[in-house]
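Here are a few notes from my read-through, for when you have the viewer open. I've gone element by element.

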Amino acid sequence: MVRIDLTGKKYGKLTVIQLAVDDIGKKKKWLCMCECGNRVIVAGSNLRSGHSTQCKGCQLKAINLKKIKHNKAKSKLYGVWGGMKNRCENPNSKSYKDYGAKGIKVCDEWHEAKQFITWALKNGYAEGLEIDRRDVNGDYSPSNCRWVSRLQNANNKGNNRIFCINGRNMTMAEIARENGIKYKLLHKHLNKGMSIEDAIKRQKENEQKRLFEEE
């Protein structure tokens, strides 16, 4: 006699079809259908405890996918590590003038790629993020680095021009985006000696004039 009937119940990817083994003194086992179409026989205790939630085929696929994603991340991070060292230590790098030439270094710990990659995977690295130094004048080190979006990284560049608008410190890119004006024209007006307020006003007036002429 079956005390607990699991027929029809679902555990992860497994749906119980029927009782398969009901021998005295042995664990009751159930025939299950996996979402992939495979049929497996699983002990009822493993189903109820959450130990068994998919067939071995799906389990192996999940493990392999995780390895692939992990190795892909490691490959990209190796590139990040190489680029970081290059701009800090290679005088022939185009970026050296903004990093190594200014005294920005890679900490001793991160001279080993493995150490850097381990830190990255444990500290917020995800697809699409870039490494950023909290203090733009500081070195590349665990205490000074984080993972941010490309936009956040661009706003934190040491060569950005920062302006105070209505009590807020903003980069030119942020000002252009927030005011709906073109970054290149804003940059051009500022290089001609125009104040940030006048440059914004000039662009907005020109845009209004253009829209009026198109009507």
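1. Before anything else, keep in mind that this is a predicted model. I'll begin with the second largest pocket, where strand 4 is the top contributor to the lining, giving three residues. Strand 4 covers 39-43, and helix 2 (56-89) also gives two or more residues to that lining.

2. Staying with that pocket, the volume comes out at about 240 Å³. If you want to colour the lining, select Leu-14, Val-40, Ile-41, Val-42, Asn-46, His-51, Ser-52, Thr-53, Gln-54, Cys-55, Lys-56 and Gln-59. What is the make-up of this lining by class? There are five nonpolar, six polar and one charged residues.

3. Leu-14 is worth a second look, since this pocket-lining residue also turns up in a strand pairing: Leu-14, in strand 2, is the bridge partner of Tyr-11. The pairing in question joins strand 1 (residues 10-11) and strand 2 (residues 14-21), antiparallel, over two bridges. The hairpin they form has two residues between the strands, and Gly-12 has a positive phi there, near 65°.

4. Strand 2 has another pairing to check. Strand 3 (residues 29-34) runs antiparallel to strand 2, and six bridges join them. To find your way along this pair, start from Thr-15, whose bridge partner in strand 3 is Met-33.

5. Now for helix 5, residues 172-179, where the buried residues are Met-172, Ile-175 and Ala-176. Looking down the axis of helix 5, these buried residues sit within an arc of 95°, so they line one face of the helix. That spacing fits the usual rule: an α-helix has 3.6 residues a turn, so residues three or four places apart point the same way. Just after helix 5 comes Gly-180, with a positive phi near 65°.

6. Last one: Ser-141. Which loop holds Ser-141? Look between strand 5 (130-133) and strand 6 (145-148). Is Ser-141 buried or exposed? Its relative accessibility is 13%, so Ser-141 counts as buried, the cut-off being under 20%. Setting aside neighbours within four places in sequence, Ser-141 is in contact with Cys-107 and Trp-110. I'd show those two side by side with Ser-141 when you go over this loop.

Methods: Residues numbered from 1 in each chain as written. Predicted model: local features only at pLDDT ≥ 70, side-chain atom pairs only at ≥ 80, totals over all residues. Heavy atoms only, no water. Buried < 20%, exposed > 50% of the residue type's maximum accessible area, 1.4 Å probe, protein only. Helix = DSSP H or I, 4+ residues; strand = E, 2+ residues; numbered from the N terminus. Arc of directions from axis to C-beta. Contact = heavy atoms within 4.5 Å. 1 Å grid on protein atoms, 1.4 Å probe; cavity = no way out; pocket = protein on both sides within 12 Å on 5 of 7 lines; lining within 4 Å. Points joined across faces, edges and corners; volume = space filled by probe spheres on them. Nonpolar A, V, L, I, M, F, W, Y, C, P; charged D, E, K, R; others polar. Pairing = 2+ DSSP bridges.
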